[in-house]
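This briefing goes through a single chain, starting from its overall make-up and moving to individual residues. Please keep the sequence and the structure in view while reading.

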Amino acid sequence: MDLLLDRWIHILAGVTWVGLLYYFNFVQVPGLAAAKADGTAAGITKHIAPRALLWFRWAAVVTWLSGAYYLARAGTFMDAFILQGPHAYLGIGAWLGTIMLFNVWVLIWPNQKKVLGLVDATDQEKAKAARTALLASRTNTALSIPMLFFMVTGSLAHVGMF
Ligand code: HEM
């Protein structure tokens, strides 16, 4: 029963995380560029981006923890992460998700704090931070495609379809 609930939390958190990732890449980044051009960016950077980032980074943590809990409770944590037999599908998805979590907390969030002025930074530091955060975010968008493929294929492997 707790596995069922945990799996459900994992999926909800994953949708929240990756949904916001796609929002950043497909909506906010191009939207902000247009808003900067006509001087209307301030509202987005002050009211929207910090809220979106809050949900984004914590949804990433909940996704990872609930995924890891599932594997641990099922007794397949090690097998998944060392890509053993049928656990390899989920394992690849879990590895990709782990790299994505690293990108969120080590590359995207600390650099976004500089860009949004939540910590002090010079204009030059801000420009560099924006570039690093953007590249990490683009990387995560690309990684999300195989990650989701292996995550759903891993589920099918569990019921013996692969
Ligand atoms: C990167 C973000 C992630 C997203 C968006 C995500 C999404 C999903 C989805 C949609 C499912 C359901 C698949 C289906 O029903 O066909 C799932 C299942 C699962 N995920 Fe993830 N996941 C992510 C990361 C992770 C990580 C990092 C781990 C492990 C540390 C993990 C472990 C699992 C497990 C154990 C299942 C259940 C598999 C089964 O029922 O056989 N996930 N995930």
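How many helices and how many strands does the secondary structure of the chain come to? The model is a predicted one, and its secondary structure comes to five helices and zero strands, so that the pattern read along the sequence is α-α-α-α-α. The points below take up the chain as a whole, then two of its helices, the core, the ligand shell and three single residues.

**The chain as a whole**

- The C-alpha trace spans about 55 × 25 × 25 Å along its principal axes.
- The chain has 162 residues, of which 27% are buried.
- Among contacts with a separation of 6 or more, 71% are between residues that lie 24 or more positions apart.

**Helix 1**

- Helix 1 covers residues 2-37, and because its 36 residues should span 52 Å at 1.5 Å a residue, the 50 Å between its end C-alpha atoms agrees with that expectation.
- A kink of about 40° is nevertheless present in helix 1, centred on Phe-24, and Phe-24 is itself one of the buried residues of this helix.
- The other buried residues of helix 1 are His-10, Ala-13, Gly-14, Trp-17, Val-18, Leu-20 and Leu-21.
- The partners against which these buried residues pack are helix 2, residues 42-74, and helix 5, residues 123-158.
- After helix 1 comes Gly-39, which has a positive phi, near 75°.

**Helix 5**

- Helix 5 also has 36 residues, and the reach from its first C-alpha to its last is 51 Å, close to the 52 Å expected at 1.5 Å a residue.
- A bend of about 30° occurs in helix 5 at Ser-144, with the proline Pro-146 following within four residues.
- Ser-144 is buried, as are Ala-129, Ala-133, Ala-136, Ser-137, Asn-140, Met-147, Phe-150, Met-151 and Gly-154 in helix 5.
- Helix 1 and helix 4 are included in what covers the buried residues of helix 5.
- Just after helix 5, Gly-160 adopts a positive phi of about 85°.

**The nonpolar core**

- The largest nonpolar core contains 27 residues, and within it Trp-17 and Phe-150 have the most contacts.
- Two or more residues of this core are given by each of helix 1, helix 2, helix 4 and helix 5, and the largest share, 10 residues, comes from helix 4.
- Trp-17, leaving aside neighbours within four places in sequence, is in contact with Phe-56, Ala-59, Ala-60 and Thr-63.

**The shell around the ligand**

- The ligand is surrounded by 25 residues, the closest being Gly-14, Gly-67, Gly-97, Ser-155 and His-158.
- Helix 1, helix 2, helix 4, which runs over residues 88-115, and helix 5 each give two or more residues to this shell.
- Helix 5 provides the largest share of the shell, namely seven residues.
- Sorted by class, the shell holds 14 nonpolar and 10 polar residues, together with one charged residue.

**Three residues in detail**

- Thr-63 has its place in helix 2, and it counts as buried because 23 C-beta neighbours lie inside 10 Å, where 20 or more are required.
- Not counting residues up to four places away in sequence, Thr-63 touches His-10, Ala-13, Gly-14, Trp-17 and Gly-97; of these, Gly-14 and Gly-97 are also listed among the residues closest to the ligand.
- Between Thr-63 and His-87, which are 24 residues apart along the chain, the C-alpha separation is 18 Å.
- Gln-28 is found in helix 1, and it is partly exposed, because the 19 other C-beta atoms within 10 Å fall short of the 20 needed for a buried residue.
- Apart from neighbours within four places in sequence, Gln-28 is in contact with Tyr-23 and Ala-49, while its C-alpha atom lies 39 Å from that of Ala-74, a residue 46 places away along the chain.
- Trp-109 is found in helix 4 and is partly exposed, with 18 other C-beta atoms within 10 Å.
- Leu-53, Arg-57 and Val-104 are the residues that Trp-109 touches when those up to four places away in sequence are not counted.
- The C-alpha atoms of Trp-109 and Gly-160 are separated by 39 Å, with their positions 51 residues apart along the chain.

How values were computed:
Residues numbered from 1 in each chain as written. Predicted model: local features only at pLDDT ≥ 70, side-chain atom pairs only at ≥ 80, totals over all residues. Expected span 1.5 Å × (residues − 1). Bend = angle between axes of the 7 residues up to and from the residue. Buried ≥ 20, exposed ≤ 12 C-beta atoms within 10 Å, placed from the backbone. Contact = placed C-beta atoms within 7 Å. Near = placed C-beta within 6 Å. Nonpolar A, V, L, I, M, F, W, Y, C, P; charged D, E, K, R; others polar. Core = buried A, V, L, I, M, F, W, Y, C linked by C-beta atoms within 7 Å.
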